[in-house]
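I opened the model to look up two things in turn, a strand pairing with its surroundings and then the ligand site. My entries follow in the order in which I looked.

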Amino acid sequence: MSWRGLAPASAGEALDLERRHHSFWGPHKQFVAFFVSSGRFVNWVGNTQSEEDWLAESWSARGERDEVLALFADWHPQVRGLIAATESVYQWALFDRPPLSSWTRGRVTLLGDAAHPMLPYMAQGASQSIEDACALARCLTVHRHAPAAGIEAYAAGRMDRTARVQGASREASRTVRLMDPAEVEARNARLRESPEAPIARFDWIWSHDEVGAKTLEPVRSLLGSLNHVSITVRDLDDAMRFFGPFLAFLGYDLVESLRDPNGQRLHVNANRHNGAVLNVWEAKPELAAHPFEVYEVGLHHIAFNTDTREQVDEACALVTRLGARVLDGPADFPYDPQGWYAVYFLGPDGLKFEVVHQPSKVRAWRAKR
Ligand SMILES: Cc1cc2nc3c(=O)[nH]c(=O)nc-3n(C[C@H](O)[C@H](O)[C@H](O)COP(=O)(O)OP(=O)(O)OC[C@H]3O[C@@H](n4cnc5c(N)ncnc54)[C@H](O)[C@@H]3O)c2cc1C
């Protein structure tokens, strides 16, 4: 259940509420507050859990201020003060459902809440709806002569991302309302040690660029083109905590999550700027006996280009936040007389990567366009 209200800014000021996002976490409950409307009001949301089902589907159901005050009776004075200063309190039921297996039937497809209702703990319902709209418009433009293909490309491009955001919202709903004292202590210790870690972990949500995304057009010739690069990791979900934000930074979108006939899971990531495909596979121990030995020592490292030097620094900061160990750089290296600025690091499972800016390559690429 969600309770919401707008307190006058004077109440927030009297309570010394700073002008930033505030989130209070407690057993079974969470309270969020921030100034809105050019600082005229403080918007607050109290999420609670009750034994009784309250299923009203309404955006304007009124709640009782005294009931909310009782629910947050022993909470921080700022929480109680904001509720007490609010004239009208509204009440929402929170609904969630697992990702759908299909959004499209014939010429009709879904977007927004109809396609992927999610809990509000990542504040992503409207954001994902806007991204959907942007993707649908782009796909229908690219496939203007075959709208069905446009709808298909839209759904294929959006379903994994929105399912991931639904999952993240569900996970966050638990994290902010933990009950078990040991779990609470472990969570608080993690946050004390690394307050920025959750931001880095969910960077794949905030840094996504649907406006700049490109619907991949058919390849002109397959001869000699690189099909894909495959990386095999021990734990796919764990590795994606690194690869998600890192590949998103490099312009890759997660376009498909598959399970091959052997039961092995893989994520297909396509680069929206240049069409390069990079698969991240989950290793299965029994496949190590397969005659084609994918685990053989061979490839030295995978290198990604950047357009600018600054992007090398940004990549370094990002992967460091994500837990990578930097081996060398960011620095100028003597491999190219015209300049070579790079960082080398170890990602999950000891995989070696390089992110490099080569001015000569950027100039040649620009000249070809
Ligand atoms: C209080 C509150 C706070 C929120 N805060 C955030 C936030 O901070 N960040 C965020 O990203 N998201 C937030 N959300 C979620 C966000 O509002 C929704 O995810 C988003 O509005 C979904 O957009 P939509 O277009 O899919 O659906 P809706 O906005 O629900 O639009 C559907 C429209 O269809 C109309 N409709 C329904 N049936 C019919 C019919 N038969 N014929 C014609 N029209 C019909 C409805 O009247 C409605 O106008 C919040 C939601 C609430 C309730």
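Entry 1, a strand pair. In this predicted model, I found that strand β11, residues 265-271, pairs with strand β12, residues 277-282, in the antiparallel sense over 5 bridges. I then picked out one position on β11 and noted that Asn269 has Leu278 in β12 as its bridge partner.

Entry 2, the sheet. I followed the pairing outwards and noted an open sheet of 4 strands in the order β9-β12-β11-β10, with mixed pairing. Because β9 (229-233) and β10 (252-259) each have a single partner strand, they stand at the edges, and one side of each is left without a neighbour in the sheet. For the twist I noted that neighbouring strands of this sheet are turned against each other by 20° on average, direction ignored. I also looked for what covers the strands, and recorded that helix α9, residues 236-249, packs on the sheet and touches β9, β10, β11 and β12, while its direction makes about 165° with that of β12.

Entry 3, the ligand. Which residues come nearest to the ligand? I listed Gly112, Asp113, Ala123, Gly125 and Ala126, out of the 13 residues around it. Helix α4 (residues 125-142) provides the largest share of this shell, with 4 residues. By character, I sorted the shell residues into 6 nonpolar, 5 polar and 2 charged.

Entry 4, the ligand and the domains. I asked where the ligand lies relative to domain 1 (2-92) and domain 2 (104-206). Both domains give residues to the shell, and I therefore wrote down that the ligand lies between them.

Definitions and conventions
Residues are numbered from 1 along each chain as its sequence is written. This is a predicted model: local features need pLDDT of at least 70, side-chain atom pairs count only at pLDDT 80 or more; totals for chains, interfaces and linings use all residues. Two strands pair if DSSP finds at least two bridges between them. Axes are lines fitted to C-alpha atoms, for helices over the stretch in contact, and angles run from 0 to 180 degrees between N-to-C directions. Two residues are in contact if their C-beta atoms, placed from the backbone, lie within 7 Å. A residue is near a molecule or strand if its C-beta atom, placed from the backbone, lies within 6 Å of it. Ala, Val, Leu, Ile, Met, Phe, Trp, Tyr, Cys and Pro count as nonpolar, Asp, Glu, Lys and Arg as charged, and the others, Gly among them, as polar. Domain bounds come from an automatic or database domain assignment.
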